[in-house]
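Biologist: Please take me through this model and explain the reason behind each term that you use.

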Amino acid sequence: NPGGSGSDLKFHLHTNDTHGGYLVSITQDRVTRLRQLIQESGFDRRNVHEVTQVLLQNSNANTGLLSKDQYDNAMRNIVSNGGGSMSQESQRRLSDLLSSIFFAFVRDKSSRVVALELASGFTVLCGGRKSDKLEFAFDLIDDDKDGRLSRRGLWKYLRSFLTVLMSISSASANMTEGHIYSAIDSASTWATAQVFGAEQDKGLGNNDNSSKRSVCFDDFAEWYTQGGYGSIPWLELLDLKKWVLT
C-alpha cells in the first residue's frame with residue numbers, strides 16, 4: 001500500500017524492469033490542503049457520472065477536445081452545485097489545483113486536452129469506491145464500446161490516473177515538466193506490459209498461443225487483485241478514504 005515513514009505519503013512508481021523507478025511523495029501539507037479543498041468544493045459528494053457528464057457537455061462534440069475556458073466553465077458548474085461554502089483564499093487555491101490538473105494533460109501547443117482522458121483521471125478527486133471508479137473510467141476510455149481496451153487504450157487509462165496523481169504530488173519540486181511527463185508515460189507503458197504479459201502467460205497455460213490484443217475490465221481486475229497492486233500501488237489512491245478523507 002502507498003505510504004512511508006514520517007508524515008508524507010509516498011508511493012513507488014515503476015517505469016521498467018531495470019530502472020529502480022521513482023519514489024513519489026505527497027507532503028502532509030498537500031494532503032491537508034487537498035482534503036480542505038475537496039470537502040469545501042463538494043467534490044467528495046459528487047459521483048463520477050455527474051462530473052463526467054458536465055465535462056463532456058462542455059467539450060467540443062466533434063473533436064472530443066476540451067479547452068481551458070471550457071474546462072473552467074465545467075468546474076464552475078460543478079463547484080456551484082456542490083453545496084459547499086468556500087472562502088476567497090480557498091477559491092484561489094482550488095483554482096490553482098484545477099489549473100495544474102488541466103495543464104498536466106496538455107501535451108502539445110494546442111492547449112486542448114482529450115476530454116475523456118481528463119474525465120477518467122478526474123475520477124481520482126470524486127466520491128465513490130475505487131472499484132466503481134476503475135470500472136467507470138475503463139468504460140470511458142473504451143471508445144468503440146466493445147468492452148475491451150487495446151494496449152494503447154490501457155496505457156491511456158492508467159496514464160489518466162497517474163497524470164492527476166503526479167500533478168497533486170510534490171514531484172514538480174524536484175522534477176522538470178518533461179521529466180514528469182516521461183515518468184508518467186514510462187510507468188504507464190510498463191504497467192500495461194505487465195497486464196498483457198500476464199494475460200499471454202494465462203493463454204499459454206490454456207494452450208492458447210494467440211497473441212492477446214485487448215483486455216476486458218475483468219482481465220484487468222483479476223490481474224490487479226492477484227498481485228498487480230504490488231506493481232502499481234498508486235492505484236489505491238483512487239480511494240480517497242485511505243488518504244484524503246481519513
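Modeller: The model is a predicted one. Let us begin with F217, which has a relative accessible area of 15%; buried means under 20%, so F217 is called buried.

Biologist: Why is F138 called buried as well?

Modeller: The relative accessible area of F138 is 1%. The limit for buried is under 20%, and therefore F138 also meets it.

Biologist: What makes F138 and F217 an aromatic pair that is edge-to-face?

Modeller: Their ring centres lie 5.5 Å apart, with 75° between the planes. Centres within 6.5 Å count as a pair and planes over 60 degrees apart as edge-to-face, so both conditions are met.

Biologist: Why is this pair said to tie together parts of the chain?

Modeller: F138 belongs to helix α6 and F217 to helix α9 (residues 217–225), so the pair joins parts that are 79 residues apart in sequence.

Biologist: How many aromatic pairs does a search of the whole structure find?

Modeller: The search finds 11 aromatic pairs. One of them is F138 with Y157, at 5.4 Å centre to centre and 80° between the planes. With over 60 degrees needed, this pair is therefore edge-to-face too. The two residues are 19 residues apart, F138 in helix α6 (residues 130–141) and Y157 in helix α7 (residues 151–167). Both F138 and Y157 are buried.

Biologist: Which residues do ring pairs link into a cluster?

Modeller: The cluster consists of F138, Y157, F161, F217, F220, W223, Y224 and Y229.

Biologist: Where does UniProt place the feature "domain: EF-hand"?

Modeller: The UniProt record, an unreviewed entry, places that feature at residues 129–164. In the model, this span is 72% helix and 8% strand, and its end C-alpha atoms lie 17 Å apart.

Biologist: How do you know that K145 is exposed?

Modeller: K145 has a relative accessible area of 57%. Exposed means over 50%, so K145 qualifies. This residue sits in the loop between α6 and β5 (148–150). K145 also has a positive phi of about 55°, although it is not a glycine.

Biologist: Why, then, is S111 called partly exposed?

Modeller: The relative accessible area of S111 is 36%. Buried requires under 20% and exposed over 50%; the value falls in between, and S111 is therefore partly exposed. S111 is found in the loop between α4 (88–104) and β4 (112–114). Its phi is positive, about 60°, although S111 is not a glycine.

Conventions
Residues numbered from 1 in each chain as written. Predicted model: local features only at pLDDT ≥ 70, side-chain atom pairs only at ≥ 80, totals over all residues. Heavy atoms only, no water. Phe/Tyr/Trp six-rings, centres within 6.5 Å; stacked < 30°, edge-to-face > 60°. Helix = DSSP H or I, 4+ residues; strand = E, 2+ residues; numbered from the N terminus. Buried < 20%, exposed > 50% of the residue type's maximum accessible area, 1.4 Å probe, protein only. UniProt positions renumbered as here; feature names shortened; annotations may be inferred.
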